[in-house]
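User: I would like to learn how to read the features of a structural model one at a time, with the general idea ahead of the particular case. Could you take me through this one?

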Amino acid sequence: MKFAIKKIYLKDASFESPSSPGIFTRTGIRPEFDLQIFVDYRPIDEKAGLAEIVLKTTVTSKQEETTLFLAEVHQAGVFEIEHPEKETYQIIVEVTCPQILLPFAREELNSLVTKGGFSPFLLAPINFESIYGAKKEQEKEKEREANAQAPDSVNQEIDIATT
């Protein structure tokens with residue numbers, strides 16, 4: 001198996017501050033933050049083992065119902081991932097690559113927020129391995145639920161077929 005970083009780049013970035021400049025004159029603001037993170041990936045050249053991985057981060061800051069800012073960064077990379085097993089491929093694109101892209105996304109988010117006139121936004125480390133494990137556990141749980149409901153109908157079919 002071969003794994004290599006071919007290119008890391010900023011695919012998209014946006015910043016909105018719909019309540020400015022009025023928000024800058026208020027005192028006692030205690031903003032709440034909502035962070036959403038998604039990993040998107042697609043093969044570019046399957047024969048060469050190239051894939052684009054995009055770490056999409058969106059931060060929304062609100063004071064009650066007032067949106068202070070919305071910052072969005074799509075940090076991307078082209079990675080060479082040759083000859084992996086299916087499970088290994090999933091781990092690489094959902095854990096390894098996002099871990100590589102996160103520091104770049106963190107820097108860009110902080111830059112957007114501070115250039116927008118707000119205090120620095122420092123994105124905490126993210127445990128992509130834990131997120132991947134939780135996703136796999138949810139998939140297993142759904143499979144167990146489906147199997148728990150299916151045996152009656154399967155047994156009936158088997159009983160009918162064998163008598």
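Analyst: The turns below go through strand pairing, the nonpolar core, salt bridges and backbone geometry in this predicted model.

User: Let us begin with the sheet: in which sense do β2 and β3 pair, and over how many bridges?

Analyst: As a general idea, in a regular strand the side chains alternate between the two faces of the sheet. Here β2 (32-45) and β3 (50-63) pair in the antiparallel sense over 13 bridges, and within that pairing Tyr 41 stands opposite Ile 53. On its other pairing, β3 runs antiparallel to β4 (66-82) over 14 bridges, where Gln 63 of β3 is placed opposite Thr 66 of β4.

User: How many residues of β3 are buried?

Analyst: The strand is mostly covered, since 11 of its 14 residues count as buried, that is, under 20% relative accessible area.

User: Which residues touch the most other members of the largest nonpolar core?

Analyst: The general expectation is that in soluble globular proteins nonpolar side chains tend to be buried together. In this model the largest nonpolar core has 27 residues, and Ile 53 and Phe 69 are the ones that touch the most other members. Two or more residues each are given to this core by β3, β4, α1 (86-115) and α2 (128-162), with α1 supplying the largest share, 10 residues. Setting aside neighbours within four places in sequence, the contacts of Ile 53 include Val 39, Tyr 41, Phe 79, Val 93, Cys 97 and Leu 101.

User: Where, by contrast, is there a nonpolar patch on the surface?

Analyst: Met 1, Phe 3 and Ile 5 make a nonpolar surface patch of about 290 Å². Ile 5 belongs to strand β1 (residues 2-16) and counts as partly exposed because its relative accessibility is 45%.

User: How many salt bridges are found in the whole structure, and which parts does the pair of Glu 80 and Lys 2 tie together?

Analyst: A useful habit is to ask where each partner sits and how covered it is. The search of the whole structure finds nine salt bridges. In one of them, Glu 80 and Lys 2 have their closest N and O atoms 3.5 Å apart; Glu 80 lies in strand β4 and Lys 2 in strand β1, so the pair ties together parts that are 78 residues apart in sequence. Glu 80 is buried, at 6% relative accessibility, whereas Lys 2 is partly exposed at 39%. In another, Lys 56 meets Asp 40 at 3.5 Å, N to O, and because Lys 56 lies in β3 and Asp 40 in β2, this pair ties together parts 16 residues apart in sequence. A further salt bridge joins Glu 139 and Lys 136 at 3.3 Å, and these two residues both lie in helix α2, three residues apart, about one turn of the helix. Salt bridges that share partners also join Lys 2, Lys 6 and Glu 80 into one network.

User: Finally, which residue that is not a glycine has a positive phi, and which residues does a cis peptide bond join?

Analyst: Most residues other than glycine have a negative phi, and most peptide bonds are trans. Glu 64, although not a glycine, has a positive phi of about 55°; Glu 64 sits in the hairpin of β3 and β4, which has two residues between the strands, and is exposed because its relative accessible area is 66%. In the hairpin of β2 and β3, with four residues between the strands, Gly 49 takes a positive phi near 75°. The cis peptide bond joins Ser 20 and Pro 21, with omega about 5°, and Pro 21 is found in the loop between β1 and β2.

Definitions and conventions: Residues are numbered from 1 along each chain as its sequence is written. This is a predicted model: local features need pLDDT of at least 70, side-chain atom pairs count only at pLDDT 80 or more; totals for chains, interfaces and linings use all residues. Side-chain values use heavy atoms; hydrogens and water are left out. Patches are made of residues with over 30% relative accessible area and no salt bridge: like charges are joined within 9 Å, nonpolar side chains (Val, Leu, Ile, Met, Phe, Trp, Tyr) within 5 Å. Accessible areas come from the Shrake-Rupley method with a 1.4 Å probe; for residues, only the protein chains shown count as cover. A salt bridge is a side-chain nitrogen of Lys or Arg within 4 Å of a carboxyl oxygen of Asp or Glu. Buried means under 20% relative accessible area, exposed over 50%, partly exposed in between (1.4 Å probe, protein chains only). A nonpolar core is a set of buried Ala, Val, Leu, Ile, Met, Phe, Trp, Tyr and Cys residues joined through side-chain atoms within 4.5 Å. Contact means heavy atoms within 4.5 Å. Two strands pair if DSSP finds at least two bridges between them.
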